[in-house]
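Hi everyone, thanks for coming. I'll take you through one structure today, so please have a look at it before I start talking.

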Amino acid sequence: MTLVQFWTDEANHHEHAKTEAEQAIDRARGELAAARARRDAALQDIAAAQQAIARLRRELPRQDPPLVEADAQALRARIAELRDASGRRSFWSGAIAKAELDIEHAQAERDEHARELARARSALAQAEARVRASDAWFADASRTALRGPLAGLPDRASAKVAPGAAERLAAQQKLDQYFPSELKTAIDARRALGAAALTKLSEAADDARAHLAARLDQLGPEGKVERAVVAYEAAWGALAAFALGAEEQYDAALARYGLTAALPDAPAALQASMKTGALFTQGVAALGAEATRNTKVLEALDALLAVARARAAAGADDPRTIAASIEDEVELADAAKAGAFQAAADFRAGDKREIDAWQAGLSDEAFRGLVAFQDADEALGRLKDVSAAGLVTAAREAEEALVQALADAAKAARATSFLRRTVAQRIDWLTQSSKVRDDNLFSLARGDG
């Protein structure tokens, strides 16, 4: 079942339940009108009986003894009529109170279903809008496969990022004129170091997300819905990002290769100074210290990630125990940070000057060409690793899981709502009955009705 189908069913359910509640209101109003009419008739009978009783009692003392017994019987009959009418008045007064309570509770139920109906219709509109917006992505009406160009994009990216691909090869050959392999390797490591912090933060976020998911599973149907929503939005977001941006990223990557290939040829003197001689020898030797610094920085980032993971794990059990639970990880992270700071200081002391002197002959244009090449490789590398079919499957499975979670939550919510209404109704009936208890006990004792 899709979200569109689920919210359609939910809207239909609440529409039907709202209609039933309105019909219950109409029935209760009819019962209320009938009960009021019968109570009013009983009140009229009471008034008539009371008048007759009063008249008979006025006349009894003035009558001759032979007539007293007959009139006494008439008086008793009138009193019986009065009590019978009083019983009917009490019964129909109770029926009126019950009908009024039934109307009140039916109106509350109708209003609740009206709110849920509005929510279901809003969610349905959003689900339908998402389907309409994504229609152009899919190759078939069942929405189980992406259309041809999108489906084949990972293979196209894989072909373009291959070492022998024409666009990449032309850019690579131009860079080889400027950058010796040792320096390109070091520059790749610098780029990786710059991306490492984001990678570690992403891993920490994933770890915290896993703890959150486990906790949400313990919170019942609503928690499982929240978890399913997070998973669905992530799967849908990945699919949407690929469908909406992959072709543009592909074209941009090829354009970056072209930008690099368009660099002017490197002068022979520059090529010689970059790949031979004292500057080359000293620069390559200094790269070892830079690599050591990079390794220490990565170790520090790993240690900080361990702290973040330990913090999330401790907080998942009890946030109050975090400080005591992560002491070892914090100590290791502090040591790793100190090592990174020392390696950076050692590198800056002399080796960086050797590398700077070696690189000084390279223009900013050459470095921009190298960055463009790296960007293209990175973009195409991401695209080639994407499974278009996997994205669709993941989104579909996440939607099915979300629908199941929503259905379970809706079922639980309906049961809870019914029980709450039932409890409130019973309490109101009990309260109303308690108000007339003494009068009813008297009538029961006297045998009225």
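Let me begin with a puzzle: is the crossing of helix 4 and helix 6 left-handed or right-handed? Keep that in your head for a moment while I say what kind of model we have. This is a predicted model, not an experimental one.

Okay, the answer: helix 4 and helix 6 cross in a left-handed way. Helix 4 covers residues 166-178 and helix 6 covers residues 220-261. The two pack at an angle of about 35°, and their axes are 8 Å apart.

Who actually meets whom there? On the helix 4 side we have E167, R168, A170, A171, K174 and L175, and on the helix 6 side Y257, T260 and A261. By character, the residues of that contact are five nonpolar, one polar and three charged.

I'd like to stay with one of them, K174, which sits in helix 4. Is K174 buried or exposed? K174 is buried, because its relative accessible area is 11%, and the cut-off for buried is under 20%. Leaving aside residues up to four places away in sequence, K174 touches T260, A261, A262, L263, P264 and D265. Do find K174 on your screens, with T260 and A261 among the residues it touches.

Now let's zoom out to the whole chain. The secondary structure comes to 13 helices and zero strands, so if you read the elements from the N terminus on, you just say "alpha" again and again until you run out of chain. How spread out is the chain? Its radius of gyration is 42 Å, while the globule rule gives 22 Å for 449 residues, so the chain is more spread out than a compact globule. The C-alpha trace spans about 155 × 55 × 25 Å along its principal axes. As for burial, 33% of the 449 residues count as buried. And here's one on contacts: take those between residues at least 6 apart in sequence, and 85% of them join residues at least 24 apart.

Two pairs of residues help to put some distances on that picture. The first pair is R309 and H211. R309 is in helix 8, residues 277-317, and it counts as partly exposed, at 36% relative accessibility. R309 and H211 are 98 residues apart in sequence, and their C-alpha atoms are 9.6 Å apart in space. R309 does touch H211, and it touches E203 and D207 as well, again not counting residues up to four places away in sequence.

The other pair is A34 and F242. A34 is in helix 1, residues 3-59, and at 37% relative accessibility it counts as partly exposed too. A34 and F242 are 208 residues apart in sequence and 67 Å apart from C-alpha to C-alpha.

On to charges. Why would two side chains pair up at all? Side chains of opposite charge can pair when their charged atoms come close. How many salt bridges does the structure hold? The count is 29, and I've picked three to show you.

Start with R143, in the loop between helix 2 and helix 3. Its phi is near 60°, a positive value in a residue other than glycine. The side chain of R143 meets that of D135 in a salt bridge, 3.2 Å from N to O. D135 is partly exposed, with a relative accessible area of 44%.

Next up is K184 with D176, a salt bridge with 2.5 Å from N to O. Here K184 counts as buried at 15% relative accessibility, whereas D176 is partly exposed at 31%.

My last pick is K352 with D356, where the closest N and O atoms are 3.0 Å apart. Where do these two sit relative to each other? They are four residues apart in helix 10, residues 327-359, so about one helical turn separates K352 from D356. K352 is partly exposed, with a relative accessible area of 35%, and D356 is partly exposed with 35% as well. Elsewhere, salt bridges that share partners join R191, D375, E378 and R382 into one network.

That's my tour. If you take one picture home, make it the left-handed crossing of helix 4 and helix 6, with buried K174 among the residues that meet there. Over to you for questions.

Technical notes
Residues are numbered from 1 along each chain as its sequence is written. This is a predicted model: local features need pLDDT of at least 70, side-chain atom pairs count only at pLDDT 80 or more; totals for chains, interfaces and linings use all residues. Side-chain values use heavy atoms; hydrogens and water are left out. Axes are lines fitted to C-alpha atoms, for helices over the stretch in contact, and angles run from 0 to 180 degrees between N-to-C directions. A crossing is left-handed if the near helix is turned anticlockwise from the far one by less than a right angle, and right-handed if clockwise. Contact means heavy atoms within 4.5 Å. Ala, Val, Leu, Ile, Met, Phe, Trp, Tyr, Cys and Pro count as nonpolar, Asp, Glu, Lys and Arg as charged, and the others, Gly among them, as polar. A salt bridge is a side-chain nitrogen of Lys or Arg within 4 Å of a carboxyl oxygen of Asp or Glu. Buried means under 20% relative accessible area, exposed over 50%, partly exposed in between (1.4 Å probe, protein chains only). The radius of gyration is taken over C-alpha atoms; the globule rule is 2.2 Å times the number of residues to the power 0.38.
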